Amino acid sequence: MQPNLPLSIISVADLIQVINELDDYSSNLYRSKIKAQVTKSKTSIKSLKDLSLESQSLIADWQKLNLGSLEKLIYYLNNLKKNSPKIIITLAATADSATKKMLADWCRNNLANNILIDFRFNKMLLGGMVVNFGSHIYDWSFRKQIVDQMTKLEEVLSSV
Amino acid sequence: MNIFLQIFIYCDVFVLGIISVFIIRHFKAHQHIKKTPVHHNPTSQNITIPHEVREHLIEQASQRLQKDLDAVIEKFNTQLLEITDSIGSLTKNHTEEIINKQLTEFNSQIKKYEENNFSSFKDIEEQAQTIKTSLENQIKQEIETKKQRLINYIDTSLSDTVMSIVFEALEHQVDLGSQSQYLLAKLEEHKEEFKNTVNNAA
């Protein structure tokens, strides 16, 4: 049993950010411990609270499941970065956090637990979305619908 | 034709020769008759022939000569007519033969030319038909291509126009919040297909 990614970690960039943060935290922790051993004095160790909520959530889940050290978590996250399915969702406007979470939630519940989603925007889509997965493209944009309905539009125009 | 003319002339010469021979013989015969009393009977010079007898003899001689000449002329005329007839018939036969031969050759040549012309006309017609068909096909194809290009151009232009109109209308009013239900509905609609794609890729 391994922890799922929190909904706040949606894209590869988010995951990399968390990995870097945890890596940094781990290094800092390691250095602090060595320093404490050498100097035998109390050194200020960076608190978990200084980390982002995503990192805190991941560490909490990891500890709850008793899966081992922080390095293992980082290793696990790096594996996720490499092996998780990745999709690109292009929207007609910049996606806000709620929309991102909503779509990520649906994808993780229905497609894959730790799927990573990269959000992009293209205002020429006019609305709807385009989903890219590997070589597959699912175009559910308004633009596509308008183009598909062009024949009807031509018929209407010709009858005018 | 020259051969027949030559034959005709030769015949004429021949006939004239015959006539000349007759005339010369006749002339010599009369000359001999006149001379004989002079040479063989020299005493006859002294014979005096009365004027009436002499006149009568001359008259008789001239009549005989005239009769002989008439006979010769008649004979000559008859022969000339016969020769003319025979030459005419011969010429006619030869002419007919030559004309027939020429006509046959001419007909055969005409037939040959007709056949050649017919075959060449047929070839030309076939070639023209082939060229016509190929041109027709080419023109049809070109028209179809141009038509398709125009249709595509109109489609594209129309699409672009509609897009730009809609885009202008929506420019800053795209609300993803109001689209969220639509987005989820689309995902749900294609859920199985999408899931299969993701699983297959995994």
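**Close-up views of a predicted two-chain model**

**Figure 1. Surroundings of Ser11(A).** Ser11(A) is located in the segment that precedes helix 1 (12–39) of chain A. The model shown here and in the other views is predicted. The relative accessible area of Ser11(A) is 11%, below the 20% limit, and the residue is therefore classed as buried. Leaving out residues up to four places away in sequence, Ser11(A) touches Leu116(A), Ile117(A) and Asp118(A).

**Figure 2. Contacts of Ile117(A).** Apart from neighbours within four places in sequence, Ile117(A) contacts Ile10(A) and Ser11(A). Further contacts of Ile117(A) include Ile87(A) and Ile89(A), together with Leu103(A), Ala104(A) and Cys107(A). Ile117(A) is also listed, with Ile87(A), Ile89(A) and Phe194(B), among the residues that have the most contacts inside the largest nonpolar core.

**Figure 3. The largest nonpolar core, built from both chains.** This core has 24 residues, including Ile87(A) and Phe194(B). From chain A, strand 1 (86–91), helix 4 (97–110), strand 2 (116–121), strand 3 (128–133) and strand 4 (136–141) each give two or more residues to the core. From chain B, helix 3 (176–189) and helix 4 (191–201) do likewise. Helix 4 of chain A supplies the largest share, 4 residues. A second core, separate from this one, has 18 residues, among them Leu15(A), Leu70(A), Leu77(A) and Leu116(A). In soluble globular proteins, nonpolar side chains tend to be buried together.

**Figure 4. The interface of chain B and chain A.** Contacts between the chains involve 27 residues of chain B and 34 residues of chain A. The size of an interface is often given as the accessible area lost when the parts come together. For chain B and chain A the buried area is about 3,000 Å², and carbon and sulfur atoms give 79% of it. Across this interface there are 6 residue pairs in polar contact, whereas the number of salt bridges found is 0. On the side of chain B that touches chain A, helix 2 (51–170), helix 3 and helix 4 of chain B each supply at least two residues. Helix 3 of chain B provides the largest share of that side, 9 residues.

**Figure 5. His190(B) in the loop between two helices.** His190(B) sits in the loop that links helix 3 and helix 4 of chain B. With a relative accessible area of 18%, under the 20% limit, His190(B) counts as buried. The side chain of His190(B) is in polar contact with the side chain of Glu193(B), at 3.3 Å.

**Figure 6. Fold and surface of chain A.** Chain A contains 6 helices and 4 strands, arranged along the sequence as α-α-α-β-α-β-β-β-α-α. Of its 160 residues, 36% are buried. Among contacts in chain A with a separation of 6 or more, 68% join residues 24 or more positions apart. The exposed surface of chain A is about 9,300 Å², with 53% supplied by carbon and sulfur atoms.

**Figure 7. Fold and surface of chain B.** Chain B has 4 helices and 0 strands, and its pattern along the sequence is α-α-α-α. Buried residues account for 10% of the 202 residues of chain B. The accessible surface of chain B is about 16,800 Å², and 59% of this area belongs to carbon and sulfur atoms.

Notes: Residues numbered from 1 in each chain as written. Chains lettered and ligands numbered in written order. Predicted model: local features only at pLDDT ≥ 70, side-chain atom pairs only at ≥ 80, totals over all residues. Heavy atoms only, no water. Core = buried A, V, L, I, M, F, W, Y, C linked by side-chain atoms within 4.5 Å. Buried < 20%, exposed > 50% of the residue type's maximum accessible area, 1.4 Å probe, protein only. Contact = heavy atoms within 4.5 Å. Areas by Shrake-Rupley, 256 points an atom, 1.4 Å probe, with all protein chains shown as cover. Buried area = accessible area lost by both parts, 1.4 Å probe. Salt bridge = Lys/Arg side-chain N within 4 Å of Asp/Glu carboxyl O. Polar contact = N/O pair within 3.5 Å; in protein donor to acceptor, adjacent residues only side chain to side chain.
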